Structures are given as C-alpha cells and as structure tokens.
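Student: I'd like a close look at one loop, and then at how the parts around it fit together. Take me through it slowly, please.

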Amino acid sequence: MTDRPHSALLTVDTHIDIPWPDRGDFTQDTDYRHVDLTKLRRGGIAAACLVAYVGQGATDPTAHAAISRQALAMLDAINRGVEGGPARICPLAADIEAAFHEGITAIVPAVENGYAMGEDLSLLAQFRARGARYMTLTHNGHNALADSARPMPALNDPESRHGGLSGLGREAIAEMNRLGLMVDISHTARSTMMQAVRLSRSPVLATHSCVRALCDHPRNLDDEQLDALRDCDGVVHITAVDAFLRPREVRAQRPVSVADYVDHIDYVAARIGVRHVGISSDFDGGGTIEGWRDAAQSQSLTAELHRRGYDHDQIAAIWGGNFLRLLRAAEAIATA
C-alpha cells in the first residue's frame, strides 16, 4: 500500500545540531530553531539524533582537554533538554520503538567530530554512558584520528595527514565497536571512509552526506564509496544542505527543493538498494531546503516519496528502518 499516512511511520532524522551555548529551550515552540520538540511532533518525527558538535581546532593537549569538556557538557545538555516534555533519551533500537508506540519522541544523542575525544580513548565510554550512539570521525579539518574530506588551510592542514585513519583512529574504531558506538564517516576523507568500512566489525554509516555523481562536492560519496557501504550493509543518510544537493550553478538559478533531495535518494536506491539509504536534515547545522525548512515540514518528504512510487515498506525503511537495523547490528557486536 502507498497510502499509509506519515504518522504511521517510525521516522528518524539522523543528524540535528544543537545550539550552543545551551538555551534550555528545546521543549519550547521557538521561532529561531529549525528543530525543537514542538516542531518534531508537528512534523511527525518519531526519533531525532541530536549531536554534540565541536568544530576542529588545534590538536594539542590543552585544546583537546577543553574540547572534550565541551562535548561532555553538550551531551549533558541533550539529556537535560528532554525534561518537561513528552520525550526521552532512547539509546537502544528497542527503546526507540517502545517510545514510538507510546507516542513519546525518542532522542538519540551523538557526537560530531572525533576531535571531541582528543587522544583519550576512555572518553568514548563516557560519550556512550551519556547515551551517544554514533561518533562522526572528523569534521572539516584533520584531527588525531583521521583525515577529513576538507583539509583546513587555517589549521595548516596538508592534503593528507595520516593517509586515512591514524593508528589512534584504528584503535578508536575497535573501541567504538566494543561500546556499540556506530562509526559515522560523513566529513571524512575518501581514504578514511574506505579504511573504516574494512576495519569496523559493525556496519558504518554516513549520517549526513549526499551523492557525488549528482553534486561534485568533497563532502559527498562517489559510486565506489556507495558500493562499499552496500557491501558492509551500511547506510548513507541524505542531508538537506543545499550545497551538497545541487552544484553552484543550479543554486544560483533557483532554490534547492525536496524534489532535488529525493533525487539523491533515488540514485542511492537504484545503485545499491533501498536498504542502504536514509534521511537526515542537518537542521541547525546548515540544513534547510525549499519545502523542508524545519522539522514541522517533514511530511513533505513522505509525500514526494509516495509521488515517486515508493511503497509503505520502502518508505518506512528509508525514514527509519535502515537506521534501526544498524543500531541493532552495533548492539549485537557490542555484546558479542
């Protein structure tokens, strides 16, 4: 059936930034955030991955200590933010499903940028103890773990610092597998991504990336990378950042739309299968497109998927089922 309502879907937005410093306003209906609890519920989003994002800076002990404190404080703020509203922290796939059936919004904490752990592997367990379920290995700029897709001249980055993963990065992936902390390869260099796919015992994912064949941007995944995700049973979650969806010449002529977004879903589904594609907004971190300006407009994606002929089961997989499968795979590896 293709006419099941959006509300029947267990929808997961796999990458949403939180404002920092924290304003304690997540449960309020704000006019300045793209995502708050009211907008999530109005848009029928069952689960939201809220990320503690830290921008790349110097890789020295003093900088590492400061940024690790910030990441932990951000995770604490995510945990506090659900208080006073119909939401709860749900780190496990079963928790998310239970919350959905109870009509409660599930919040899944995560960490964006392995810079947050500096060179201290023990911080990964602290992130996990605060509910985090994935960590993005890099952001813009190389860190101690791995090379980024976008070296930063302001940080004196060479084109490659480690040739992909560093020795510490390899240790971090092993520890993440042990903890059930999924390996997110969005933002990583191609070399980093391909090495992570081979090394991780749990399927890797890109929580907020797009297709390079449709938009030639260093943040996007090429066909060989998509094939590698398929081969490890991973998922790429298409993200609503216009610069990753359409090239500059298109963006100069018209706004990027939900139709452009679903073109990327179509491409992944055709090349590697519906099983390997999902949805993310990157709201409050740069994501916003015509027709999906905030979480309250999330039904527009479902409508477009219906229009293109996806059936209910396919849409359910794209909107959340594929992510839940990866959560369960990470949980199984962690307890093996």
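**From one loop outward**

Tutor: Let's start at Asn113, which sits in the loop between strand 4 (105-112) and helix 4. Keep in mind that this is a predicted model. Asn113 catches the eye for its backbone: phi is positive, about 100°, and yet the residue is not a glycine.

Follow the chain out of that loop into helix 4 (residues 122-129), and you get to its packing against helix 2 (residues 61-81). The axes of the two helices are 10 Å apart, and the angle between them is about 15°. Angles under 35 degrees count as roughly parallel, so helix 2 and helix 4 are roughly parallel to each other. Their crossing is left-handed. On the helix 2 side, the contact uses Ser68, Ala71, Leu72 and Leu75, and these meet Leu123, Gln126 and Phe127 of helix 4. By class, that gives five nonpolar residues, two polar ones and no charged ones.

Now go back to the loop and take the other way out, into strand 4. Thr105 belongs to this strand and is one of the residues lining the second largest pocket. About 170 Å³ of space lies in that pocket. Helix 1 (37-42) and helix 3 (93-102) each give at least two residues to the lining. Leu40 and Arg41 are among the lining residues, as are Ala99 and Phe100. Elsewhere along the lining you'll find Ser7, Leu9, Gly44, Ile45, Ala46, Gly103 and Ile104. The lining as a whole splits into seven nonpolar, four polar and one charged.

Helix 1 leads to another piece of backbone to check. The loop between strand 1 (12-17) and helix 1 holds Pro21. Here the peptide bond from Trp20 to Pro21 is cis, and omega is near 5°.

What about the largest pocket? About 230 Å³ of space lies in it, and 19 residues line it. Nearest the centre are Ser148, Ala149, Thr188, Ala189 and Arg190. The class count for this lining is six nonpolar, seven polar and six charged.

Arg190 is also a handy link to the next pair, since helix 6 covers residues 190-199. Helix 6 packs with helix 5 (residues 167-179): the axes come within 11 Å and cross at roughly 45°. That angle makes helix 5 oblique to helix 6. The crossing is right-handed here. Arg170, Ile173 and Asn177 of helix 5 touch Gln195, Ala196 and Leu199 of helix 6. Three of the contact residues are nonpolar, two are polar and one is charged.

One more helix pair, further along the chain, rounds this off. Helix 11 (residues 299-307) and helix 12 (residues 312-335) have axes that come within 10 Å and cross at roughly 145°. This crossing is right-handed. From helix 11 the contact takes Leu301, Thr302, Leu305 and His306, and from helix 12 it takes Ile315, Ile318 and Trp319. The class count is five nonpolar, two polar and no charged residues.

Technical notes. Residues numbered from 1 in each chain as written. Predicted model: local features only at pLDDT ≥ 70, side-chain atom pairs only at ≥ 80, totals over all residues. Heavy atoms only, no water. Axes fitted to C-alpha atoms, helices over the stretch in contact; angles between N-to-C directions. Helix = DSSP H or I, 4+ residues; strand = E, 2+ residues; numbered from the N terminus. Parallel < 35°, antiparallel > 145°, perpendicular 65-115°, else oblique. Left-handed = near helix turned anticlockwise from the far one by under 90°. Contact = heavy atoms within 4.5 Å. Nonpolar A, V, L, I, M, F, W, Y, C, P; charged D, E, K, R; others polar. 1 Å grid on protein atoms, 1.4 Å probe; cavity = no way out; pocket = protein on both sides within 12 Å on 5 of 7 lines; lining within 4 Å. Points joined across faces, edges and corners; volume = space filled by probe spheres on them.
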